[in-house]
Amino acid sequence: IRFRLLIHYDGGAFHGWQLQPDVATVQGELEDVLRRISGARRRVLASGRTDTGVHATGQVATVDLPGDRWTAPRLRGALNALLPDAIWIEAVEVAPDGFHPRFDARARTYQYRVGTSPRARSPFHRPWCWALGEDLDTDVMTRGSAHLVGDHSFRAFAKAGQPERGERCLVHSAEWTRWPEMGWIFTIRANRYLHHMVRYIVGTLVDMGRGRRPVSDLPSLLAGTGSELVTSPPAPPQGLFLTRVEYDPESSPSMDHP
């Protein structure tokens with residue numbers, strides 16, 4: 001039986017999602033526990049790979065296990081009993097036949113937290129946000145994010161070296177909202193993302209909010225005009241959260257949560 005997992009994790013404890021030798025990863029921890037409880041190596045597939053330091057409250061993954069020995073409640077209980085505290089399985093359900101967490105995904109939502117209040121530098125906030133500690137012109141940042149919506153080439157906002165993936169992404173929405181008493185949250189929903197894309201976008205928008213570059217740079221970067229024009233450095237990883245992965249209703253009746 002193919003089981004689908006809804007996973008939360010603190011990315012600060014791991015070198016990203018993907019299995020790597022000699023370092024702790026989220027996939028590695030899951031596969032290690034699954035081997036211990038099932039007696040065999042079990043491959044875990046995810047909706048996408050998050051980088052070192054990036055968090056998740058809505059990662060979706062699958063694993064195949066014998067149906068005569070495992071139920072969804074039993075699997076969730078066994079995983080949460082043995083996984084490190086930095087990983088928590090919110091839900092487990094039986095996936096439809098042929099379901100693939102990455103290729104069947106229709107949209108993914110990321111949120112990025114920017115702490116403009118000095119309180120963001122508290123040890124109880126700093127590991128999960130960009131503790132900027134300075135005011136930003138969010139009207140400017142909102143005008144900049146409006147240019148992101150639509151089908152664009154995001155080559156300028158991606159780490160180099162991935163031509164095989166293509167460069168076009170369809171962004172459904174991109175907006176800034178208040179993070180009460182702390183700062184601002186950037187939320188972006190798109191069909192797919194390039195490597196480090198959200199962090200480059202946030203780094204560039206924050207520089208606009210700091211008055212360091214004009215909003216007109218955004219459409220120019222998307223259009224690829226101006227050979228000397230580059231994005232700002234990427235925002236640090238600890239502010240980024242994968243919050244939701246969406247599927248067609250028939251393939252995900254309960255796990256596609258708001």
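This briefing describes helix H4, the nonpolar cores, one helix pair and two loop residues. The structure is a predicted model. Helix H4 covers residues 197-209, and 13 of its 13 residues are buried. H4 also supplies eight residues to the largest nonpolar core, which is the largest share of that core.

**Helix H4**

- At 1.5 Å a residue, the 13 residues of H4 should span 18 Å, and the end C-alpha atoms are indeed 18 Å apart, so the expected and modelled lengths agree.
- Because 13 of the 13 residues of H4 are buried, the helix is largely enclosed by the rest of the structure.
- Gly 211, just after H4, takes a positive phi of about 80°.

**Nonpolar cores**

- The largest nonpolar core holds 71 residues, and those touching the most other members are Leu 75, Phe 154, Phe 186 and Val 202.
- Eight residues of this core come from H4, the largest share.
- When neighbours within four places in sequence are left aside, Val 202 is in contact with Tyr 112, Val 114, Trp 130, Trp 176, Phe 186 and Ala 235.
- A second core, separate from the largest one, consists of six residues, including Ala 131, Trp 179, Met 182 and Ile 185.

**Packing of H3 against H4**

- Helix H3 comprises residues 138-146, and its axis comes within 8 Å of the axis of H4, with a crossing angle of roughly 140°.
- This angle makes H3 oblique to H4, since only angles over 145 degrees count as roughly antiparallel.
- The crossing of H3 past H4 is right-handed.
- On the H3 side, the contact is made by Val 140, Met 141, Gly 144 and Ser 145, while H4 contributes Leu 205, Met 208 and Gly 209.

**Loop residues with positive phi**

- Most residues other than glycine have a negative phi.
- Asp 22 is not a glycine, yet has a positive phi of about 70°.
- Asp 22 is found in the loop between strand S1 (2-9) and helix H1 (26-38).
- The relative accessibility of Asp 22 is 81%, so this residue counts as exposed, the cut-off being over 50%.
- His 196, also not a glycine, has a positive phi of about 70°.
- The loop that holds His 196 lies between strand S9 (183-190) and H4.
- His 196 has a relative accessibility of 15% and therefore counts as buried, the cut-off being under 20%.

Notes: Residues are numbered from 1 along each chain as its sequence is written. This is a predicted model: local features need pLDDT of at least 70, side-chain atom pairs count only at pLDDT 80 or more; totals for chains, interfaces and linings use all residues. Side-chain values use heavy atoms; hydrogens and water are left out. Helices (H or I, at least four residues) and strands (E, at least two) are DSSP runs, numbered from the N terminus. The expected span of a helix is 1.5 Å times one less than its number of residues. Buried means under 20% relative accessible area, exposed over 50%, partly exposed in between (1.4 Å probe, protein chains only). A nonpolar core is a set of buried Ala, Val, Leu, Ile, Met, Phe, Trp, Tyr and Cys residues joined through side-chain atoms within 4.5 Å. Contact means heavy atoms within 4.5 Å. Axes are lines fitted to C-alpha atoms, for helices over the stretch in contact, and angles run from 0 to 180 degrees between N-to-C directions. Angles under 35 degrees count as roughly parallel, over 145 as roughly antiparallel, 65 to 115 as roughly perpendicular and the rest as oblique. A crossing is left-handed if the near helix is turned anticlockwise from the far one by less than a right angle, and right-handed if clockwise.
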